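This briefing covers a predicted protein model. It is grouped by topic for reading beside the sequence and the structure.

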Amino acid sequence: MKPDAALRAVQHLLQARHFEAQRLEKIADAMRPWTTQSAIKHVEVKGQHLDSHPLAGLARKSQTNVLPLVLDTFSQGMKVDNYFSGQGHTTAAPWEWWQRNRMDAAQTGIIRAALRDGVSYATVLPAMTPGPSAATASGAFIRGRSARQMTALYGEPLEWDPRTGGPVDPDWPIMALEIQGPMIRLYDEEKVHFIGTKTQPKTSLGWKDPTYTQINNFEYIEGRSHGVGVCPVVRFQDRMLLDDEDETWGIIEPLINPQDRLNETTWELMVAQYFTAFIQRYVSGWMPKSEQEALRQAASDIWFFDDKDVKVGSFPAGDLKGYLESRRAAIQDLSALGQVPPQNLGLDGISNISETALAALETGKERKSSEIETSLGESFEQMLRTCAHIVGDTTSAQDFASEVKWRDATARSFAQTVDGLGKLSTMLNVPDEVLWEAIPGWTREMVERARRIAAERDPLRGLFEDGTPPPPKPGEGNSVGDEAPSVKEQADALGVLVRAGADPDAAATYTGFEGLPFTGAIPVSLRPKVDDAAKLEDKG
């Protein structure tokens, strides 16, 4: 794309960004804490929008924003823990670039932005530093970006009007725009274009002003070729929907109205509490002669009046029960609409329940999380395949059977989980190494460490399935100074092979006892051949 075409593309994307920014600003405003200036506006006190209102401070305190808590509830349980190759249950090679880009921590921002706004992005570009091995031509550099920072333009796999152009790959954007202060980056299938702005609005909503989108407000700086072959931007969506369902994205936007109702109910509760929560006394038919007399009368335990027409009484305290019930109902509605367990939002009445009942309360949340993980997982896999393409790993780049593994964060008892895993191993013969990955709290590194320790304890770890010893690894074995296996270790390995039914002479060769004579005795764990067994049986 030439410089003048890049500037026109920026103008086009900024116009599209304005419409997207309206929805994103609404979500961001719902997540922010109220200020004294904005509190009166939020509770919609008629005719009052100034912080000078006597109840402005009370309005600010009435905000009971549970939307950040809803976001934390889902995002804290979504962590990618491994990336398996489609060729077997082994960690795929592109996982190296996940670790080198510190994605264990950086994934949090990508996931939270996708949950909050419904979409987030990651740019995958060749890194400035080379890879760890000489065969690696370059490295892959990953950066997460939210929808408030980036706008991407996608096409259709089949154009509705074939006269307007050809089909495009919907997995990759046609172009993407990233804004960071006065600087703009435009991504296409060939280059990253760096563009500066002479003046820019204070907020993203200001780009609707034609003053900021005029061509002379932009300055083309340079374009750098990335060589990826596609626009190097991967989109993350909380769900991939059809038709007009995508008008509402993310988990926050559908909860804004219930959140407003909760804030309004809390505001009315606090106003009622402020003015009517205490009993107020009154006196009719009498006026104090001075301020001192009024204070003395107010402090007295017993009041005396000469006039028989004087009446004394009190106003009852306001009943706040209705407000409290309405507030509880608002939280329950928000919990149901967001599929968030009620105990996570602070509702009482849930105590002394079993672990099974607690897990049942989490069912709705787990189902929603699983649906979101399916969509985000496809994007993470696309991102890692792009890393493999950048570094020249064609096999991994074409491995569409690969998949990411999400860390298990379900609400289950640790003892119950371990008991179930043990039954899978003993009753269904599921390999232990596979079950280790399902242990709650075990990361990929812990599983790999357990596998290494188990391999070191296995006396047959030096043999392949066909019985031939593996070639020594670089720097290991068959070198001067290496410690040879002890005779006991070799004998243990020989015994295991013979008891397993291996040919004794072949087993002796494999374990280093070539030429060792055997007595011909049969281990008790083996059954003799049919002819030999017939001779040994008692005929009576």
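Glu-178 counts as buried because its relative accessibility is 4%, where buried means under 20% relative accessible area, exposed over 50% and partly exposed in between (1.4 Å probe, protein chains only). Its salt-bridge partner is Arg-145, with the closest N and O atoms 2.6 Å apart; a salt bridge is a side-chain nitrogen of Lys or Arg within 4 Å of a carboxyl oxygen of Asp or Glu. Arg-145 also counts as buried, at 19% relative accessibility.

The model is predicted: local features need pLDDT of at least 70, side-chain atom pairs count only at pLDDT 80 or more, and totals for chains, interfaces and linings use all residues. Residues are numbered from 1 along each chain as its sequence is written, and side-chain values use heavy atoms, with hydrogens and water left out.

**Salt bridges**

- The whole structure contains 17 salt bridges.
- Side chains of opposite charge can pair when their charged atoms come close.
- Glu-178 lies in strand E5 and Arg-145 in strand E3 (residues 140-146), so this pair links parts of the chain 33 residues apart.
- Arg-407 and Asp-81 meet through their side chains in a salt bridge of 3.4 Å, N to O.
- Arg-407 sits in the loop between strand E12 (403-406) and helix H14 (414-428), while Asp-81 belongs to strand E1 (residues 80-84), 326 residues apart.
- Asp-81 is buried at a relative accessible area of 7%, whereas Arg-407 is partly exposed at 33% relative accessibility.
- Arg-224 and Glu-222 form a salt bridge of 2.8 Å, N to O.
- Arg-224 is partly exposed, with a relative accessible area of 45%, and Glu-222 is partly exposed at 31%.
- A network of salt bridges links Glu-25, Asp-29, Arg-32 and Arg-148.

**The sheet of 5 strands**

- Strands E4-E5-E6-E7-E8, in that order, make an open sheet with antiparallel pairing; two strands pair if DSSP finds at least two bridges between them.
- Strand E4 (150-153) and strand E8 (218-225) are the edge strands, each pairing on one side only.
- Neighbouring strands of this sheet are turned by 20 degrees against each other on average, direction ignored.
- Strand E7 (residues 191-197) is joined to E8 by 7 bridges and runs antiparallel to E8.
- Gly-196 stands opposite Glu-219 in E8.
- Helix H1 (residues 3-31) lies across E4, strand E5 (175-180), strand E6 (183-187), E7 and E8, at about 75 degrees to E5; axes are lines fitted to C-alpha atoms, for helices over the stretch in contact, and angles run from 0 to 180 degrees between N-to-C directions.

**The sheet of 3 strands**

- Another open sheet has the order E3-E2-E9, again with antiparallel pairing.
- E3 and strand E9 (233-237) are at the edges with a single partner strand each, so one side of each has no neighbour in the sheet.
- From one strand to the next, the twist averages 25 degrees.
- Strand E2 (residues 119-126) pairs with E3 over 7 bridges in the antiparallel sense, and Ala-122 stands opposite Gly-144 in E3.
- Helix H6 (residues 103-117) packs on this sheet, touching E2, E3 and E9, and its direction makes about 145 degrees with that of E2.
- Helix H12 (residues 363-390) lies across E2, E3 and E9, at about 165 degrees to E9.

**Whole protein**

- The protein has 19 helices and 12 strands, taken as DSSP runs (helices H or I, at least four residues; strands E, at least two) numbered from the N terminus.
- Buried residues account for 36% of the 540 residues.

Conventions. Contact means heavy atoms within 4.5 Å.
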